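Here are some notes for a colleague who is opening this structure for the first time. The points below are meant to be read with the model on screen.

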Amino acid sequence: MSQGISAPDAATATDPHPAPGPAAEDGGGLWIAGAGGVGREALDTALASGVRVAGFLDDHRAGGRVRGLPVLAPRQIPDGARYVIGIADPGARQRLAPLLAERGARPATLVHPRAVVAPETELAEGCIVLGGAYISSSVRLGPHSQVHYNATVGHDAVLGERVTVYPGGNVSGSVLLEDDATVGSNAVVLQGRTVGRGAFVGAAAVVTRDVPPHTTVIGSPARPMPGRGGGA
């Protein structure tokens, strides 16, 4: 797993809502990469947190406006701007972050004021935590990870880079979600399990044993989907 979560600029949460400060430091406002559903939810989170948003970054909608804000191509981000990537697909986040870094842009961290982030929890830059999420004590979230609304992450869990926990997902204590892993809506990962790099836990699945890398699992108990990661 990447060591990004221990980078020097990772934020340690001592306040339940630590994120607005870094984003608000940029006088030009926060840029949101992705103008689709998650991007607009990131906008809602920023507005609820009092963070000014400058606009969206989206190749497909560049030149237009979304929710009244301008949309630029990602390469047009102003030098030195702060941003978050509001796209659920971890592959897209992996592609966009280096491109934005080339422009001197820096990732911010965005936490909805109705989310709970317990003490001794580290949120690396680029994380998005939506309303109603609950992140328990001593959790570590790697760069550009996302915890969506009403999802829960238990004590001592470790989320690598670009991990996604979809709405209602329940990640139990001491779970390891490796880089680019995704936990689907209302899925459950039981205590101490590991979900491998790039693996996908389907909606409402219950993970009772470790999930190998790049494997899609479904059902209760979760089993590999035929043709997706091997096994029937």
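Before the numbered points, one definition is needed: two strands pair if DSSP finds at least two bridges between them. The model discussed here is a predicted one.

1. A useful place to begin is strand S6, where that definition applies on both sides of the discussion. S6 is joined to S7 by 2 bridges, and these two strands run parallel; within this pairing, Arg82 stands opposite Arg106 in S7. Between S6 and S7 the chain passes through H3, and this β-α-β crossover is right-handed. S6 is also joined to strand S2 (residues 30-33), here by 4 bridges and again in a parallel arrangement, with Ala33 standing opposite Ile85 in S6.

2. The side chains of S6 deserve a separate look. In a regular strand the side chains alternate between the two faces of the sheet. In S6, Arg82 and Val84 point one way while Tyr83 and Ile85 point the other way, and all of them are buried.

3. Further along the chain there is an open sheet of 8 strands with mixed pairing, and its order is S8-S11-S14-S17-S20-S23-S25-S26. Strand S8 (110-111) and strand S26 (223-224) stand at the edges with a single partner strand each, so one side of each has no neighbour in the sheet. Inside this order, strand S11 (residues 128-129) and strand S14 (residues 146-147) run parallel and are joined by 2 bridges, and Gln146 in S14 is the bridge partner of Ile128.

4. Gln146 also leads to His148, since a polar contact of 2.9 Å joins the side chains of these two residues. His148 is found in the loop between S14 and S15, and with a relative accessible area of 3% this histidine is buried. Leaving aside neighbours within four places in sequence, His148 is in contact with Val38, Leu130, Ala133, Thr164, Val165, Tyr166 and Pro167.

5. Which residue does UniProt mark as "active site"? The feature, which comes from an unreviewed entry, is placed at His155, and the annotation may be inferred rather than shown by experiment. His155 lies in the loop between strand S15 (152-153) and strand S16 (158-159), and with a relative accessible area of 34% His155 is partly exposed. The side chains of His155 and Asp156 are joined by a polar contact of 2.8 Å. Not counting residues up to four places away in sequence, His155 touches Ser136, Ser137, Val139, Gly173, Ser174 and Gln191.

6. Turning to charged pairs, the structure holds 10 salt bridges. In one of them, Glu102 is paired with Arg75, and the closest N and O atoms are 3.6 Å apart. Glu102 belongs to helix H3 (residues 90-102), whereas Arg75 is in the loop between strand S5 (69-72) and strand S6 (82-85), so this pair ties together parts that are 27 residues apart in sequence. Both Glu102 and Arg75 are exposed.

7. A second salt bridge is formed by the side chains of Asp179 and Arg197, at 3.1 Å from N to O. Asp179 is in the loop between strand S19 (176-177) and strand S20 (182-183), and Arg197 is in the loop between strand S22 (194-195) and strand S23 (200-201), so the pair ties together parts 18 residues apart in sequence. Is Asp179 buried or exposed? Asp179 counts as buried because its relative accessibility is 2%, a value that falls under the 20% limit for that class. Arg197, by comparison, is partly exposed at 34%. Both residues belong to a network of salt bridges that links Glu161, Arg162, Asp179, Asp180 and Arg197.

8. Asp210 and Arg193 form another salt bridge, the closest N and O atoms being 3.4 Å apart. This pair links distant parts of the chain, 17 residues apart, with Asp210 in the loop between strand S24 (206-207) and strand S25 (216-218) and Arg193 in the loop between strand S21 (188-189) and S22. Asp210 is partly exposed, with a relative accessible area of 45%, and Arg193 is also partly exposed, at 26%.

9. A last point concerns Thr109, which lies in the loop between strand S7 (106-107) and S8. Thr109 counts as buried at 5% relative accessibility, and a polar atom of the Thr109 side chain lies 3.4 Å from the backbone oxygen of Ala124.

How values were computed
Residues are numbered from 1 along each chain as its sequence is written. This is a predicted model: local features need pLDDT of at least 70, side-chain atom pairs count only at pLDDT 80 or more; totals for chains, interfaces and linings use all residues. Side-chain values use heavy atoms; hydrogens and water are left out. Buried means under 20% relative accessible area, exposed over 50%, partly exposed in between (1.4 Å probe, protein chains only). Contact means heavy atoms within 4.5 Å. A polar contact is a pair of N or O atoms within 3.5 Å; within protein, one must be able to donate a hydrogen and the other to accept it, and residues adjacent in sequence count only if both atoms are side-chain atoms. A salt bridge is a side-chain nitrogen of Lys or Arg within 4 Å of a carboxyl oxygen of Asp or Glu. A crossover is right-handed if, with the strands pointing away from the viewer, the path from the first strand over the helix to the second runs clockwise.
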